[in-house]
Each structure stands twice: as structure tokens, then as C-alpha cells.
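Here's a quick briefing to read with the structure open beside you. Have a look around first, then use the notes below to find your way.

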There are 2 protein chains.
Amino acid sequence: MGKRIGKQSFILPSKPRIVSSASFVGRTEGEGPLGKLFDVICSDDTLGLDSWEQAESRMLESAVRLALSKIEKEPRDIDFFMGGDLLSQIISAGFAARELQSPFIGIYGACSTMAESIITTSMLTDAGFSDLAVCGASSHFSSSEREFRYPLEMGTQAPPTAQRTVTGSGAVAIASSGVRLHGLGFSHIRVTGGTIGKVCDYGITDASNMGAAMAPAAASTICANLSDNGIPPEYYDRIITGDLGSFGTEMLYELCYSKGYRIENVHDDCGVMIFAPEQKTVCGGSGCGCCSVVLSSLILPGIENGDYERVLFAATGALLSPLSSLQGESIPSISHAAVIERSEA
Amino acid sequence: MGKRIGKQSFILPSKPRIVSSASFVGRTEGEGPLGKLFDVICSDDTLGLDSWEQAESRMLESAVRLALSKIEKEPRDIDFFMGGDLLSQIISAGFAARELQSPFIGIYGACSTMAESIITTSMLTDAGFSDLAVCGASSHFSSSEREFRYPLEMGTQAPPTAQRTVTGSGAVAIASSGVRLHGLGFSHIRVTGGTIGKVCDYGITDASNMGAAMAPAAASTICANLSDNGIPPEYYDRIITGDLGSFGTEMLYELCYSKGYRIENVHDDCGVMIFAPEQKTVCGGSGCGCCSVVLSSLILPGIENGDYERVLFAATGALLSPLSSLQGESIPSISHAAVIERSEA
């Protein structure tokens, strides 16, 4: 059927629609440059629940419900929820799916989860296996520190390459062309293609330097997308990476340049955009929630409003675990990319 | 396009082919009733590597390579590898994908991973997004005990409801109808449909009683498949669950009966089949690897040889984490199901 382009990329002939999105973030994120764009900003990052993990799951569930409510739908109306998070055994997504009671496809792509979910859901929608589905991803500063680093009570100082895990959940509803919807969703956004990432590993072993670990994967997937499609970087209004942060972004430019592409004129990084320098998050934001809330609150509305015509959304994940780091393994990473375009129809 | 049947099920008009499978297991599994059917049985469950986790990843990588070698293919020939495992951040699959260098779609469905992977890959294949892809799932007794329970050195006694996590990796290659293949793969096996599971939670909090936690999910998905398709259990030669074990199997029969279906005459459980009673594994096997190696070594060759005409493969996963159990959460579970049929073509 000729939907594959090159070795890693594909096109979506029916151009599935992104019909709604929602974002739910913590207080620090709400105080950042994108604060006014988020749907919900919580003042207490436990949401009054017993643990950060429970709060993270509730945030993801809430983002999914909110994205659906904007198009006057409920969880029972969707064909499936596809999502994940950073925690062991993706409990944030699993417990959210228990509450939503929709069919659930759990995925793990670390911070690339949102893009992995969007490209896979879009392929399934293009093929007629879904009329309406929701993609979601979440992370939480406090649950991530517990999972990957040190107890917060230790007050460990962040090294100069560190990024702050975003407390936030984003959700995106994807519909087939034929479905009629009401409400205040998007009318002009379509997923037209994408690129499935390969795992890259440049031997980085410092779990406080995720940007360096993930930059090779971002470069690999972005260059594969450009090469598979035979297009220059400027084909896109913006190429938006997940959360390389300021240090990883510099590496990305070098790596792309070594493959023959200059992307700096069209590139933005969600990890750089979500926090202001005076917020002292060192190299910026990270976590599944980072690019999922920036996509949901800034990029998709920007496409809907005509600020961008064509965006490559390349989220990037580090596939380490606390155990693999203890065992001295390096940090493999992966990036998946979705082509998201404006259409008048 | 009418590929959805009911709320959770779907059909695959092009009937993607299962063209090859491979299984790689540990010594205890090799000494069990299915021992002669496995492709590789290792005598040392570290494979000579530094950790059980590294060994598990190597087993999964080896199973993928072996499944491909049977059809004279290599990892570079596939469109993607989709898989997962039980460990935090699915490091077995992630590190295997690093070595394979195929595009990688990481998923997490606990012990339902093999079915989740097969149905998702089959949908993507049916739709033309893949000509040849590999699904894989793995687990390892020793890495799982470390992840979920107690250090092996403690010699903790297993309670009467416990199951033994299978040390094993299974891989299944799925091809579109149009691809021409050589070698000693399967010629008569097709995936014709499936059912996407919902998360069920009956409030079980005992992490040593996975069968009871997962039986409701198996019943939900099996009954959804029968109901969505309007068929009786006898439509299938066998309905094969992942790893409910002997205790969970009894619960499954009760739950299906309460929904109007008697399945015991056509039902088998991989967790019950993989070990013999004299192996003292209490209620049987569990883990992603359990149903993936039983599928790869017993069920698929059985379909190829005409022992079965039509099988519902319903793998079942418990979506707990060590942390969620410590926080007093109950154990949500999910089951996904693939319809696998014999065809002469």
C-alpha cells in the first residue's frame, strides 16, 4: 500500500485529525513562560492525595477527561487510550486507565512517549481501527526524583547539566476524518506522517546529563525523517524536540550538521521553552510531561491558529533504569517523530 | 472502514501472516513438559554475563535474531521491533533494541505484552505500515524476583498461590500478505482479529496472588471477544490464557460462567502448561516470557501442523509496581487477545 517512506518513515493518506488537547501542570510550570497557556495549574503537587504517584496518575486521568470534554465526549466514547509515563511498570498510565475504563494500550518510550503514542495511534486511526482515541503522557518532578535519583529530603544539588522533570500531563485526542464532533476542539490540525526511531547509544553514563544521552537519538530520527522524505529542514516551520535542554540542543545541532543538515533556524526544544532562566532549572525541563504539555498548550493551538503550517514533533526518551545505571550501563535513547500540519478542511 | 467489531474488538481483512517464531528459555523451563519444543535452553541463566538483567536482554535479542534467521532475514530487514518486558523502564527490550538496530516501538502490558504486541503489530501490518516486523517479550525468574519481591539470597518461601516467573524470551515475526519469504518459517498461520483489553481491578492486594488479580481481566477480554463477535467459546479450538496458573484458572471459569460463557472445555493456560507438578512451582509459571515461549514453541507450530484451526491467545498482565504495592494500592490487570487461525494459503 506504499505507506512506508524510506526505512523508518511513513505517510498517513487519510490524515487523521488532532481534534482536542489538554494540559495539567504543577506550580513551577505554571509560573514559567507558558503559564497562561495551560488548562489547569495545581498549587499542591499531591492534589491532596496520599502520594506523588497517585497525584501523577490523577493528573493524567484528568488531562484525558478534559481533552475529551472539549469535544463533548467521555472516556466511554473512545476506542482506546494509549499512553505511558516514566515510572516503573508505567503505573501512572495503568492506574489512570483503570479509572477511565477505556480499552488501554500501554507504551514505554521514556520522554518520547507522547510522540510514540501519537504516531502509533495515528497509524491505527488511518487504518480504520479507531474513530476516536486519546494519547497521553505524564511525569512528575517528585515521583521522578524518587524513581531515578535521590530522596528529595536529601536536598542534593543539581549538576550543571541537569534538567528538572516537569510535573505535568498532556493529552491529545485523535479522530478519523469521518467522525463528526462538537465543542471547542481543533478543526485544522492533521497528522500526516512520522518516523519510528531507532535506539542510539553514544556511551553516556551520567544520569544527570540526559540531554547529551538523548541528542544522538533526536539527530538520528530528525535526519531519518528529512532523508526518507527527501526534504530540507526548512520544509518544516518548526522542528520541535522533546526535552534536550540547552546543553543537549547544542549537541543536536552539531550532530545534525555532521549529517548534512542545519536545523538551528527552525528548531525549538520543549525543555528550553517551558522554564525561564530565572526559575533556576539549570538546563531546562525534561520528562514525558514536558513535551506533552508544551505540545498540548502551545504547539497545537499555534497550528490551529495559523502560527505554524507544518511541524515535526520529535520527542526524545532516555531508556535507562535506575538499575541499569547502577550496573554501569550507558544510557540508550530513542526519538520518535510525528509530522503535524495545518489544513483548512 | 468497518474494521472495528463491537467496542473492543477488530478484524484484520488482509489477515497478516505469522511467518516465524523462536523461544529461548532457562534450565527449569527446559526440564518441564515443553522442554523438547524450545529452540534454545540455557544451562546458566546469566549466559555468562554480569547480571541477570543483561542476560534477559540478550535472550530477547537472541530470540528475535533466531526468529528472523528461520526466514533468512536479519534485524536490518524488518520495519520495526515491538516488545517489552517486566523490568522498570523495560530495559530488557530497550537494550535488546539497541543491539538489533531496528526501529523500536516499546510497550508495557506486563504479562500481556506478547498479545499487546501481536495485535498492535498485526493492525499496523494490515494497514500497510509494515511488511515484516517482530514482536517479542521476555521475563527472567531472577531479575523479576529482584524487581518485584525479595532478594533470592533470602530464600523466602513461596505462598500457596505463588507462580514462578518464567525465564524465557519469545519472538514472533509478522509479515504482510505480499511479502515473499524463504527458509523454514510458517506458511499457514494468520492473525485475523483481536480484542483490546480494559483495565480491571477487583481489589486484590496480594502480590503473591497474581492469578486472582489477573483472572478478571482475562474474563473481561475473553467475554468481550465472544460478545463483540457474537460467537460461543467453541468457535475456537482453544482459548489460551497467559499465565493465570491453577488458582487463577479456577477463578476465570467462575467469572466467565457468571457472564454466560462456559470456557473450560476449550481452555488452556500457559502458566499451567509450562511446568510439571513435580517441579514444585506451586501454581505454575508467570511473566511475559511464559506465554511468549509457549506461543512460540507449542501453539504456533500446533496451528501450522493442523492440531488447531483457530486459537484465541489472551495474555494477561498485572499492572502493579513494587512501589504501588508498598503504597497499599490494589493490583489492576489487563488482558489483550489475538485471534490466530490456520489457513491453507
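Two residues count as in contact here if their C-beta atoms, placed from the backbone, lie within 7 Å. By that yardstick, 59 residues of domain 1 of chain A are in contact with 62 residues of domain 2 of chain A. Keep in mind that this is a predicted model.

**The two domains of chain A**

- The domain assignment puts domain 1 of chain A at 4–175 and domain 2 at 191–342.
- Measuring over C-alpha atoms is how the centres of domain 1 and domain 2 of chain A come out 17 Å apart.
- Helix α4 (residues 113–126) of chain A supplies the largest share of the domain 1 side that touches domain 2, with seven residues.
- Sorted by class, that side of domain 1 of chain A has 29 nonpolar, 22 polar and eight charged residues.

**How the two chains sit together**

- Turn chain B by 180 degrees, with a shift of 0.0 Å along the axis, and it can be laid on chain A with an RMSD of 0.0 Å.
- The two copies are thus related as by a two-fold rotation axis.
- Chain B and chain A each put 51 residues into their contact.
- On the chain B side, the elements giving two or more residues are β5 (80–85), α3 (91–100), β6 (104–106), α4 (113–126) and α10 (322–326).
- By class, the side of chain B that touches chain A has 26 nonpolar, 16 polar and nine charged residues.
- Since 100% of the interface residues of chain B are also interface residues in chain A, the copies meet through the same surface.

**Strands β10 and β15**

- In chain A, six of the seven residues of strand β10 (residues 189–195) are buried, so this strand is largely enclosed by the rest of the structure.
- On chain A, β10 pairs antiparallel with strand β2 (residues 9–11) over three bridges, and Ser9(A) stands opposite Thr195(A) there.
- β10(A) is also joined by six bridges to strand β15 (residues 333–342) of chain A, again antiparallel; Gly193(A) has Val339(A) in β15(A) as its bridge partner.
- Over in chain B, eight of the 10 residues of strand β15 (residues 333–342) are buried, so that strand is largely enclosed by the rest of the structure.
- β15(B) runs antiparallel to strand β10 (residues 189–195) of chain B, with six bridges joining them, and Val191(B) faces Ile340(B) across that pair.
- Strand β14 (residues 310–318) of chain B pairs with β15(B) too, antiparallel and over nine bridges; here Ala315(B) has His336(B) as its bridge partner.

**The nonpolar core and one buried alanine**

- In soluble globular proteins, nonpolar side chains tend to be buried together.
- The largest nonpolar core in this model has 224 residues, and those with the most contacts inside it are Val134(A), Phe313(A), Val134(B) and Phe313(B).
- Leaving out residues up to four places away in sequence, Val134(A) touches several others, including Val64(A), Leu68(A), Ile78(A), Phe81(A) and Val172(A).
- Is Ala212(A) buried or exposed? Ala212(A) counts as buried because it has 22 C-beta neighbours inside 10 Å, and the cut-off for buried is 20 or more.
- Ala212(A) lies in helix α6 (residues 210–229) of chain A. Setting aside neighbours within four places in sequence, Ala212(A) is in contact with Thr161(A), Ile204(A), Phe247(A), Gly248(A) and Met251(A).
- Ala212(A) and Leu244(A) are 32 residues apart in sequence, with 7.6 Å between their C-alpha atoms.

Technical notes:
Residues numbered from 1 in each chain as written. Chains lettered and ligands numbered in written order. Predicted model: local features only at pLDDT ≥ 70, side-chain atom pairs only at ≥ 80, totals over all residues. Helix = DSSP H or I, 4+ residues; strand = E, 2+ residues; numbered from the N terminus. Nonpolar A, V, L, I, M, F, W, Y, C, P; charged D, E, K, R; others polar. Buried ≥ 20, exposed ≤ 12 C-beta atoms within 10 Å, placed from the backbone. Pairing = 2+ DSSP bridges. Core = buried A, V, L, I, M, F, W, Y, C linked by C-beta atoms within 7 Å. Least-squares fit on C-alpha atoms with pLDDT ≥ 70 in both. Domains from an automatic or database assignment.
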